[in-house]
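Okay, everyone, thanks for coming. Let me put the structure up and then walk you through it.

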Amino acid sequence: MVTNATKCPSPMKATSDGIFQGDNPLDYALPLAILQIVLVVVLTRVLAFLLRPLRQPRVIAEIIGGVLLGPSALGRNEAYLHAIFPPKSLTVLDTLANLGLLFFLFLVGLELDPKSLRKTGKRALSIAIAGISLPFGLGVGTSFVLRATISKGVSQGPFLVFMGVALSITAFPVLARILAELKLLTTEVGRIAMSAAAVNDVAAWILLALAIALSGTSSPIISLWVLLAGCGFVILCSLIIPPVFKWMSGLCPEGEPVNETHVCATLSLVLAAGFATDAIGIHALFGAFVVGVLIPKEGAFSSALVEKVEDLVSGLFLPLYFVSSGLKTNVATIEGALSWALLGLVIATACIGKMVGTVVVSVLSGVDWKESITLGFLMNTKGLVELIVLNIGKDRGVLNDQTFAILVLMALFTTFITTPVVIAVYKPARMGNVEYKTRTVQRKRQNSQLRILACFNSTRNMPSLINLIELSRGTGKEGLRVYAMHLMELSERTSAIRMVHKARKNGLPFWTKGQSSDSNQIVVAFEAFEQLSKVTIRPTMAISRMSNIHEDICSSAESKHAAIIIMPFHKHQRLDGQLETTRAEFGHLNKRVLELAPCSVGILVDRGLGGTTHVSASNVNSVITVLFFGGPDDIEALAYGSRMAEHPGIKLVVIRFRVRAKLADNNVRINIGETTSSRQEQSKKDEEFLDEFKQSVKKDGMVTYVEKEVGSASEAVEVINEHNRCQLLVVGRMPEGELAVAFKNTKNECRELGPVGGLLTSPEFSTTVSVLVIQQYRSQLSGYSLASLTEEDDNDEESGMD
């Protein structure tokens, strides 16, 4: 009995009495598990941050973090390893990791739509088959070499299958993130890779089930029973789950919270399915994955399930699985020339198998060489399923320590090289390289079609955006064409990848009929508006990181020949009327768009333009005021206002500010990179444009043109206050002329709006009017205009003075 007690340490108690009672918290399961989780999350997040400049998916950071915490690095210190990851705690750690993995695989199943697999084209299907079969065959061949050297004595059949599966897998979720990060989702390469990877994902699970069934026993009859029982489980679930969840989804109307009972029943079913497949002898993860795949993707229920589960599972519990794998990975077991040669052999076999199989079939299918090579590297991406295969093989004794470490390093290497190699090899032609002339609202043919790229980041922006489109539709024969772009941040969350999978090849970014509740509301709203007006609207979606989503906006504007981009302001109106920051990142986004846009840009400061619902054309009764000081931006603002004035329900008021002589004499001029002659030339252009405008609206009773002579900025503010009883103020971002100097020297918290726009949105200026700040496209912005878009709040005004 004493001997047994020595060999089998007593299980850890759950909680301690505290350090003041003399207990060490690290000797108890709960506080130790908490410390382990915190350590894992902090380390993996730091590594993900460090690897972000290399554009690596987070799975790389999590695999590296697991290896670092294990015996390969920090675990070489015995004191650390026995204090933080003692052997008696590993059962609790593995249980938590596998429970989190169980629900994560359920989410992965929710990502995969069986209907989309039926629509997989012959080319993608043939590439997927080649990308599985050749590396599987080479993996089987490699297994003979490994069994003859470092894996002597393992069961031959299971080892062959595990090696084949390990080398033939493509990580579907990881590939989706890489394609989205590199903005290749909407290219031909991206479409083929996503379709082929989806087929590969399903094939990998079938092969994994086969490998597990073979590894459980030496009896072929029992393995056959395991496979038959697994097939029966899948068939039974296929008959029961879809109709039940279709009925359940019907009880969850759009926009309403999901019934808690339904969510609990679903999660309980996931656990029950896991128990069933574990009892069969496959693995608990297989049951959870099958349930996720079979749940219907239509309606709000599946999206609600993702939102309920993903953050806790992906953020806290899933990284534990990588640590659990890392604790089993000891790179030190790879020693000697033979071991390192075998590592090189496995990496070369994995890469060659995927590359040759994918490239040959791609070229035969009509894909050019560069795209075929790119597909080969993309299909070689490994991820979580790879680790699952390796861990199951390790737990079942199919893979020894050295083989396990070699295969983990192979997965890490092949995934790590994917992004840099694809960037080096494949540079897709930009869709917007075709030149177009109508980059501004101001144009010679005023009745020509106006193309607007209108961006919004939430459904809260929708009513005002639709009302602005209604005001802008004009009366030209060719009318107005709007591309309404929903800006969605790409994150590591499963729901973000869920949206990514719905990409369509129709421009950059893709046009969508999304399945999420927000997307359905958006599409319905725009379709209804399109039927009631003469406006052509295409709802679009851009999914990128906030750091580079401006590239999608600018590329899309250029490819669609937009004349102006409308961006939402990064502040929204509170109930007390003050503006409150929504997200600071949207302010930085607006600055990048202003700096790099291929056309004019407007920023809409929304204070409830037209109310919370769409105002129909017959009910429009609005007053639009344009403030004109001078310069290209003010000309563009007036050109946009002139377009609005064509609407029968709009009254346009134009305020032209003139400067008294003494202000012009005494005012300090600033150097904005222009000579006196160029300023005079711009002043001449202002007068010519105003003369044309006055001639065009001379007989229009709905247009009022007023000239105001002022002697200071404060007088100009008084004039603006007199005319702010309207629905919309339209101003240029960077006005020019003597009076503009006085505004530029005033304090401005939102410098991207320019001096006048900043004034109209400041707390000191009391108004409830929405403001549209417009910048006219120029091939090169002025120095002062660019300086206002920098992050630093230095005194540009002072540095710009003569």
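Let's start with the cysteines, and keep in mind that what you see is a predicted model. Take C554: its sulfur is 7.9 Å from the closest cysteine sulfur, which belongs to C599, and that is too far for a bond. C554 is also buried, at 10% relative accessibility. Now go to C455. Here the closest cysteine sulfur is the one in C554, 9.1 Å away, so again the gap is too far for a bond. C455 is buried as well, with a relative accessible area of 2%. And how many disulfides turn up in a search of the whole structure? The answer is 0.

Next, the sheet. It's an open sheet of 10 strands, and the pairing is mixed. If you want to trace the order on screen, go β3-β2-β1-β4-β7-β12-β11-β8-β9-β10. Which strands stand at the edges? Those are β3, residues 536-544, and β10, residues 703-710. Each has a single partner strand, so one side of each is left without a neighbour in the sheet. From one strand to the next, the twist averages 20 degrees.

A quick reminder for anyone who doesn't look at sheets every day: strands pair through backbone hydrogen bonds, and they can do so parallel or antiparallel.

Let's zoom in on two of these pairs. Strand β2, residues 480-489, runs parallel to β3, and 9 bridges join them. If you'd like a spot to look at, find M488, which stands opposite I543 in β3.

The other pair is β8 with β9. Strand β8 covers residues 622-628 and is mostly covered, with 6 of its 7 residues buried. It is joined by 7 bridges to β9, residues 650-659, and the two run parallel. Here the spot to find is F628, opposite R656 in β9.

Hold on to R656, because it comes back when we talk about charges: R656, R658, E687 and E707 are linked in a network of salt bridges.

So, on to salt bridges. The idea is that side chains of opposite charge can pair when their charged atoms come close. The count here comes to 10 salt bridges, and I'll show you three.

One is E62 with R58, where the closest N and O atoms are 3.3 Å apart. Both residues are in helix α3, residues 58-69, and they're 4 residues apart, which puts about one helical turn between them. Both E62 and R58 are buried.

Another sits in helix α26, residues 676-696: K694 and D691 are 3 residues apart there, again about one helical turn. Their side chains meet in a salt bridge at 3.9 Å, N to O. K694 is partly exposed, at 30% relative accessibility, and D691 is partly exposed too, at 41%. Why does that spacing work in a helix? An α-helix has 3.6 residues a turn, so residues three or four places apart point the same way.

The last one is E558 with R439, with the closest N and O atoms 4.0 Å apart. This pair links distant parts of the chain, 119 residues apart: E558 is in helix α22, residues 549-559, while R439 is in the loop between α18 and β1. Is each partner buried or partly exposed? E558 counts as partly exposed, at 23% relative accessibility, whereas R439 is buried, at 10%.

Now some helices. Look at α9, residues 172-181. All of it is tucked away: 10 of the 10 residues are buried, so the helix is largely enclosed by the rest of the structure. Among the buried residues are R177 and E181, along with F172 and L175. Just after α9, K183 takes a positive phi of about 60 degrees.

Over in helix α24, residues 632-645, you'll find G641. G641 is buried, with a relative accessible area of 0%. From there to L729 is 88 residues in sequence, but 9.4 Å in space, C-alpha to C-alpha.

Let's finish on the surface. L30, I34, V38, V42, V46, F49 and L50 form a nonpolar patch there, with about 660 Å² of accessible area together. L30 belongs to helix α2, residues 29-51, and it is partly exposed, with a relative accessible area of 45%.

That's my tour. Over to you for questions.

Methods: Residues numbered from 1 in each chain as written. Predicted model: local features only at pLDDT ≥ 70, side-chain atom pairs only at ≥ 80, totals over all residues. Heavy atoms only, no water. Disulfide = S-S within 2.5 Å. Buried < 20%, exposed > 50% of the residue type's maximum accessible area, 1.4 Å probe, protein only. Patch = residues over 30% accessible without salt bridge, like charges linked within 9 Å, V, L, I, M, F, W, Y side chains within 5 Å. Areas by Shrake-Rupley, 256 points an atom, 1.4 Å probe, with all protein chains shown as cover. Pairing = 2+ DSSP bridges. Axes fitted to C-alpha atoms, helices over the stretch in contact; angles between N-to-C directions.
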